[in-house]
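Visitor: Please take me through this model, and let each term be justified by the values behind it.

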Amino acid sequence: MKTDPKKSERFRKSTTAIHAGGLERSIYGEMSVPIFQSSTFAFPSAEDGAARFSGEKPGYIYSRLDNPTVNALEENVATLEGGFGAVATATGMAAVSSVYLSFLGRGDHVVAASCIYGASRVILESELSRYGVEATFVDSSDLVNIEKAMRQETRMVFVETPMNPSIRLTDLAGAAAIAKKYGSDLVVDNTFASPYLQRPIEFGADIVIHSLTKFINGHADVIGGMVVARDQEHYDRVKKVAALFGNTMDPHQAWLILRGSRTLALRVERGQENAMKLARFLESHPKVSWVSYPGLLSHPQHELAKRQMDGFGCMISFGVEKGLEGGLTLMNNVRLIALAVSLGGVESLIEHPASMTHACIAAEKRREAGILDELVRLSVGCEDFEDLRDDLDQALNRIGEYKIKITPLEAEMEAFEEPGC
Ligand code: LCS
């Protein structure tokens, strides 16, 4: 769905999250967007049907192509991101793969950040490589690395910021300038920040991706994705490819996510307030060896965070005493915080990327990307700070109390034929 310029741009971001992406109210005056649970839409006449197919007349055809409830969610997210339009997808990975499939072909080269969600990297490494697409992975926290990897045939620069799971940042304006200089697109996975804290299109990105499963939905109950395009050309391409390949979203899923998006501002404000306090608490805890959180003065890109983000976000990664063994003790002893992958919900979650979300990346490449075996990732939710602090404190204090047998992660992973991400 393309954004409606009459409805967008007039409001600030909390108001936008609550109001953007409505439909005309019916005679009943409903406040919530109805769920148009219909796979197909009747045409008033054969001529009208043909005119809809040819694009001469607006109107719905079939829900894989367009659906009013899905369009409402697309307009909501596109307006929040300041994009021309957006395409909703069944999952975050359907958004990532729709973007790859839309813009990459045989002979093309991608410069991708080495520290991205495991599956986004593995598609480039072992799937698209089968179709003649080549990728170079670089530490995108330093723009020099991006520039060095650029080639004549580089078609796309693909980054995350903050990165999953190192919580390092990519300089958006700098990356956009490099991409532009080489005639390539800048694609930014903005899942970790959410449009409430960061809008990459303002800094020159061509495409923004979201796993809506995370902050935009915010309640750990729906999977979904979104591609937001800077302009008509990029939008048309993704729209066509996502519909052709069948990556699009179901109306019931869209309705739930739109309900989540209405409270984005409240949830992110509360989560990042907790995260800032927890990051400071962790930094001063004797069992914690390092903390990566953009709000801390110790974060090497704290100044960049202030320039390109409206807040420091809800994601923290850290290492503890006794490395991996200490991390396992911590994760096995939290009581309130759930040991689970995913992020961005009202409830706090803790996980171990090297053996879980990023296990599908080879151990050596993982370490090169800063995804250390000892790294523990925390998604901070909206609970009372004191309860989160006390839970982490009691679990951290158990480190060293008993021994855990550690299987080397490489050996463990070889046991799986297809480690998941
Ligand atoms: N992009 C990022 C930055 C992600 O973190 C994820 C999932 C995806 C895309 C894919 O989205 P999905 O298809 O799952 O909606 N990240 C996960 C994580 O870190 N833990 O579990 C899933």
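Guide: In this predicted model, the centres of domain 1 and domain 2, taken over C-alpha atoms, are separated by 27 Å. Domain 1 covers residues 13–261, and domain 2 covers 264–414.

Visitor: How do you know that domain 1 and domain 2 are in contact, and how many residues take part?

Guide: Contact requires heavy atoms within 4.5 Å. On the side of domain 1, 44 residues are in contact with 40 residues of domain 2. The area buried between domain 1 and domain 2 is about 3,300 Å². Carbon and sulfur atoms give 62% of that area.

Visitor: What makes the pair Asp171 and Arg307 a salt bridge?

Guide: The rule asks for a side-chain nitrogen of Lys or Arg within 4 Å of a carboxyl oxygen of Asp or Glu. For Asp171 and Arg307 the N to O distance is 3.9 Å, so the pair satisfies the rule. Across the interface of domain 1 and domain 2 the rule finds 4 salt bridges. Between the two domains there are also 21 residue pairs in polar contact, both residues being at pLDDT 80 or more.

Visitor: Which elements give two or more residues to the side of domain 1 that touches domain 2?

Guide: They are helix H1 (13–19), helix H5 (118–127) and helix H9 (251–261). H5 provides the largest share of that side, with 5 residues. By class, the side of domain 1 that touches domain 2 has 21 nonpolar, 16 polar and 7 charged residues.

Visitor: What makes Arg52 and Asp48 a salt bridge, and how are they placed in helix H2?

Guide: Their side chains meet at 2.8 Å, N to O; the limit is 4 Å, so the term applies. Because Arg52 and Asp48 are 4 residues apart in helix H2 (residues 46–54), about one helical turn separates them. Side chains of opposite charge can pair when their charged atoms come close. A search of the whole structure finds 26 salt bridges.

Visitor: Which residues are closest to the ligand, and what makes Thr213 a polar contact of the ligand?

Guide: The ligand is surrounded by 19 residues, the closest being Asp189, Ser211, Thr213, Lys214 and Arg377. A polar side-chain atom of Thr213 lies 2.6 Å from an oxygen atom of the ligand. The cut-off for a pair of N or O atoms is 3.5 Å, so Thr213 qualifies. Asn164 also places a polar side-chain atom 3.1 Å from a ligand oxygen atom. From Gly92, a backbone N or O atom lies 3.0 Å from an oxygen atom of the ligand.

Visitor: Which peptide bond that starts at Asn164 is cis, and where is Pro165 placed?

Guide: The bond from Asn164 to Pro165 is cis, with omega near 5°. Pro165 is in the loop between S4 and H7. The peptide bond from Thr161 to Pro162 is also cis, with omega near -10°. Pro162 is found in the loop between strand S4 (154–160) and helix H7 (172–181). Most peptide bonds are trans.

Visitor: Why is the phi of Ser194 noted?

Guide: Ser194 has a positive phi of about 75° although it is not a glycine. Most residues other than glycine have a negative phi. Ser194 lies in the loop between strand S5 (185–189) and strand S6 (207–211).

Terms used:
Residues numbered from 1 in each chain as written. Predicted model: local features only at pLDDT ≥ 70, side-chain atom pairs only at ≥ 80, totals over all residues. Heavy atoms only, no water. Domains from an automatic or database assignment. Buried area = accessible area lost by both parts, 1.4 Å probe. Polar contact = N/O pair within 3.5 Å; in protein donor to acceptor, adjacent residues only side chain to side chain. Nonpolar A, V, L, I, M, F, W, Y, C, P; charged D, E, K, R; others polar. Near = heavy atom within 4 Å.
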